[in-house]
There are 2 protein chains.
Amino acid sequence: MGIVNSFLSPGQFLFVFLSMIRVALMGTGNVAQHLFEAFLNHSQIEVVQVVGRNKKALEYFGKSTKTDSNAKFSEKADIYLIAVSDDAFPLMAYSIIGLNGLVVHTSGSSSLEVLPKTVRRGVFYPLQTFTANRTVDFTKIPICIEAENSSDINLLNTLASLLSNHVISVNSEQRSKLHLAAVFINNFTNHLYFIGQQISENAQIPFDTLFPLIQETANKLETLAPFDAQTGPARRGDAKTLKKQLRQLEKSDFKEIYTLLTRSIAKTYGQKL
Amino acid sequence: MGIVNSFLSPGQFLFVFLSMIRVALMGTGNVAQHLFEAFLNHSQIEVVQVVGRNKKALEYFGKSTKTDSNAKFSEKADIYLIAVSDDAFPLMAYSIIGLNGLVVHTSGSSSLEVLPKTVRRGVFYPLQTFTANRTVDFTKIPICIEAENSSDINLLNTLASLLSNHVISVNSEQRSKLHLAAVFINNFTNHLYFIGQQISENAQIPFDTLFPLIQETANKLETLAPFDAQTGPARRGDAKTLKKQLRQLEKSDFKEIYTLLTRSIAKTYGQKL
């Protein structure tokens with residue numbers, strides 16, 4: 001029984017949370033699956049139900065808990081976690097309007113306000129990219145929490161801290177900026193990997209030749225800020241190499257990206273090209 | 001004594017190489033330092049001399065071998081490694097014209113042809129970004145080798161294989177494409193990290209909150225090609241989120257980069273925006 005109870009003193013409050021948190025989950029995608037797996041690993045978390053619309057996908061969850069394929073919560077929970085895509089938010093509103101518990105979504109880009117006002121609202125955003133069949137170490141994933149009152153923040157903090165060593169409280173504005181930063185360092189970076197793959201394979205060189213460089217580029221950040229880690233012709237203002245490389249690019253899309261990013265780097269370091 | 005000798009049978013040839021390779025090094029920068037350290041760790045490699053123009057930087061090498069601050073090789077070597085910046089190539093030509101040994105540069109973007117025709121020429125290009133005071137695991141660094149005849153390829157292969165488990169033979173054209181791919185996945189990616197840092201710190205969120213995502217974005221490539229790993233609003237064709245995020249970006253440079261990369265991702269997945 002982990003429900004927040006206003007009759008409890010702070011000490012008792014902590015004790016109650018440590019006993020058990022009941023979680024119900026909406027959604028069957030990658031985020032829902034990874035959260036579910038992480039929850040199952042904790043004796044202090046009980047997943048009372050998983051609801052969604054994809055019957056096939058629900059089978060996986062049905063091995064360990066109750067499910068509902070009409071996306072309707074029927075089990076009592078302390079926290080209802082809505083792990084569906086942003087597009088599906090309008091559809092799920094009817095399922096949560098009367099819920100008696102804390103209702104949180106897991107989206108980086110959506111405000112807390114997308115949840116109906118009739119419930120206690122919050123956000124539980126794990127800042128990571130989740131892929132089917134890839135296990136991630138949840139203890140290292142930053143979990144960004146938000147709620148409208150301190151007892152709900154405490155409840156979310158307790159749940160998040162069971163999974164991760166890195167829990168931070170951020171408001172909707174901050175979270176949406178963080179999500180935007182994630183677009184640059186994940187979505188856009190991955191697209192650069194894609195371009196790198198096209199170029200190397202075009203030259204009959206296997207893409208994995210570039211893996212150690214990709215790894216080191218990421219690892220370097222542990223000891224060096226990106227500003228200081230920057231190398232290459234754009235930073236040096238090496239016009240000769242830039243011109244030669246631009247000529248080597250065959251696709252006009254890649255040329256455009258090369259030109260723009262080169263210009264942005266050169267500008268950052270006061271180089272004139 | 002590892003000099004290639006045409007009187008040897010293939011078996012003897014291998015034996016001679018296994019006895020000792022004498023290397024002389026020109027340059028005192030990051031590449032030279034990291035190679036030097038890697039060479040010192042091998043009983044089969046003897047660094048006979050390091051030459052350059054930076055007296056201060058040469059002191060470090062002088063603790064373990066002979067040095068020359070006029071960038072002049074005086075010791076006999078099997079391989080002379082030119083690890084200077086591309087800009088310095090014209091300056092070093094006079095130092096190597098008469099050398100009796102294999103002369104190789106370590107540059108990704110320069111052709112073998114930049115070396116004078118009077119010597120046996122080759123290239124020894126470790127595909128990695130080297131940073132002062134960061135040790136890298138050389139066994140995992142791909143080393144791209146090139147030479148004008150097979151015995152020189154063998155000699156370079158022997159040297160490279162002592163350091164790395166990943167030695168590949170590539171021609172100048174391929175290497176320059178590989179170097180271009182590296183610009184995308186290292187230089188440009190690092191600039192995206194820089195932008196991500198600006199956005200997150202602008203929202204009072206420490207940049208290291210994004211580190212696990214950066215790591216996983218890179219690690220994912222082990223199991224998933226970049227094309228399949230792509231996620232985010234551009235791939236989904238989610239015009240609403242794209243518009244919202246573009247509005248959130250304050251700097252016009254970041255807006256431009258966001259727009260162009262979004263367009264390129266959308267096009268890759270046949271999304272119309």
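Me: How do you know that 72 residues of chain A are in contact with 72 residues of chain B?
Reply: Two residues are in contact if their C-beta atoms, placed from the backbone, lie within 7 Å, and 72 residues of chain A meet that cut-off with 72 residues of chain B. This is a predicted model, where local features need pLDDT of at least 70, side-chain atom pairs count only at pLDDT 80 or more, and totals for chains, interfaces and linings use all residues. Residues are numbered from 1 along each chain as its sequence is written, while chains are lettered from A and ligands numbered from 1 in the order in which they are written.

Me: Which element gives the most to the side of chain A that touches chain B?
Reply: That is α6(A), with 25 residues. Helices here are DSSP runs of H or I with at least four residues, numbered from the N terminus.

Me: Why is the relation between chain A and chain B called that of a two-fold axis?
Reply: A turn of 180° with a shift of 0.0 Å along the axis lays chain A on chain B with an RMSD of 0.0 Å. That is the relation of a two-fold axis. The copies are superposed by least squares on the C-alpha atoms of residues with pLDDT of at least 70 in both.

Me: What makes the copies meet through the same surface?
Reply: Of the interface residues of chain A, 100% are also interface residues in chain B, so the surface is the same.

Me: Which residue of chain A comes closest to the rotation axis?
Reply: T189(A) does, with its C-alpha at 2.8 Å.

Notes: Helices (H or I, at least four residues) and strands (E, at least two) are DSSP runs, numbered from the N terminus.
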